[in-house]
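Biologist: Please take one part of this model and go through it closely. I would like to know how it is covered and what lies around it.

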Amino acid sequence: MKNDKRFYLMGFGAMAALAAGAQGQRPNIIYIMCDDMGYGDLACYGQQYIATPNIDCLAAEGMRFTQAYAGSPVSAPSRATFMTGQHSGHTHVRGNKEYWGNSGTVMYGSNADYAMFGKWAGGYEGSPSTPDKRGIDEFYGYICQFQAHLYYPNFLNEYSRSRGDEGVSRVTLDQNINYPMYGDGYRNRAQYSSDLIHQKAMAWLDKQTAETPFLGIFTYTLPTRGISAKRRPLAATKARATTPPTTATPSLPQ
C-alpha cells in the first residue's frame, strides 16, 4: 500500500473522537461489517471450529472489543445506525427496509476519501438515499436489498466520484443472468459477489496515498443466511467440525 500512515479497524463511535482530537494528521480507518456474524463466530474470540486466520491476525496486532454492540441484529437497521449515528429507536429504518428518510449521515470530516464496498441497504436505486447522495466517494456492491441475499446475483452497483460518475449505475453480471436465481441451475452461476466486492475494495485501498486520509467501510454480506460458500473452504470447515476441540476456550477480558 502506498500510504505510509497507519490505519485502524474500529467502531464508528470512536471515529468522531479521533476526528475531533486529532492534531495535524488524522488516522486512516477501515471498518469491517459482516452480516449475521457474532463475536463467537471468530477464532480470536474462542471459536474452535471455523478458521478465521486473517481476522485473528488483525486482532493479534490491534485490539479486540469485548463490550461492543451492533446497532441491530439485522442488516439494514444496523447499517442505518452506523451511518447516521442514531440509536435504532430513532432511525427511519426499524426492519430490513431500504430507506433512511431525511436522517443525516455521520462522516469523518472534509478532505477525506470515503468508500464503501459491500451491501448498502440504505436506499433503493433511484431513491434520495443512495451512496452518491450520502457522501460516499467510491462504492461497489449491492444497492438492492433483495439481490443482497444472493451470493451470485443478477447485478451489482457501482459509483466513482473520481471517475466523474453522475450517480450509481448497475453492473450486470453476464455469467450469472443466463441461469436461474433458484434451484439446481443456480449452481451454474460463476460470478461470486464476495470475490468481486473484495477485489474492488483491495484495488481502492492500494490507490490510497499519504496526502488524503481515508475511511473504508467494508460491509460484506458474508456470512449471512443462504450461504453459497466455495467448495474448498466449506469442505475444510466440515472436516474441522467433526474433530472435537483439543484446547479450552480462552477467557476474554472484560
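Modeller: A residue counts as buried when its relative accessible area is under 20%. The model is predicted. With that cut-off, the buried residues of helix 3 are Ser75, Ala76, Pro77, Ser78, Arg79, Ala80, Thr81, Phe82, Met83 and Thr84. Helix 3 spans residues 75–84, and 10 of its 10 residues are buried. For the protein chain, which has 254 residues, the buried share is 41%.

The setting comes next. The protein chain holds six helices and seven strands, and along the sequence they follow the pattern β-α-β-α-α-β-β-β-β-α-α-β-α. The buried residues of helix 3 pack against three of these strands: strand 2 (28–34), strand 3 (113–119) and strand 7 (214–220). Among contacts between residues at least 6 apart in sequence, 54% join residues at least 24 apart in the protein chain.

Within helix 3, Thr81 can serve as an example. Its relative accessible area is 16%; because this is under 20%, Thr81 counts as buried. Leaving aside neighbours within four places in sequence, Thr81 is in contact with Gly71, Gln86, His87, Ser88 and Thr91. An α-helix has 3.6 residues a turn, so residues three or four places apart point the same way. Just after helix 3 comes Gly85, which takes a positive phi of about 75°.

Of the strands that helix 3 packs against, strand 3 deserves a further look. Seven of the seven residues of strand 3 are buried, so this strand is largely enclosed by the rest of the structure. Strand 3 is paired with strand 7, and the two run parallel, joined by six bridges. In this pairing Met116 stands opposite Ile217 of strand 7. Strand 7, like strand 3, is packed against by the buried residues of helix 3. Strand 3 is also joined to strand 4, residues 138–142, by five bridges, and these two strands run parallel as well. Here Gly118 stands opposite Gly141 of strand 4.

To put the part together: helix 3 has 10 of 10 residues buried, and its buried residues pack against strands 2, 3 and 7. Strand 3 has bridges to strand 7 and to strand 4. As for the surface of the protein chain, its accessible area comes to about 14000 Å², and 53% of that belongs to carbon and sulfur atoms.

Technical notes
Residues numbered from 1 in each chain as written. Predicted model: local features only at pLDDT ≥ 70, side-chain atom pairs only at ≥ 80, totals over all residues. Heavy atoms only, no water. Buried < 20%, exposed > 50% of the residue type's maximum accessible area, 1.4 Å probe, protein only. Helix = DSSP H or I, 4+ residues; strand = E, 2+ residues; numbered from the N terminus. Contact = heavy atoms within 4.5 Å. Pairing = 2+ DSSP bridges. Areas by Shrake-Rupley, 256 points an atom, 1.4 Å probe, with all protein chains shown as cover.
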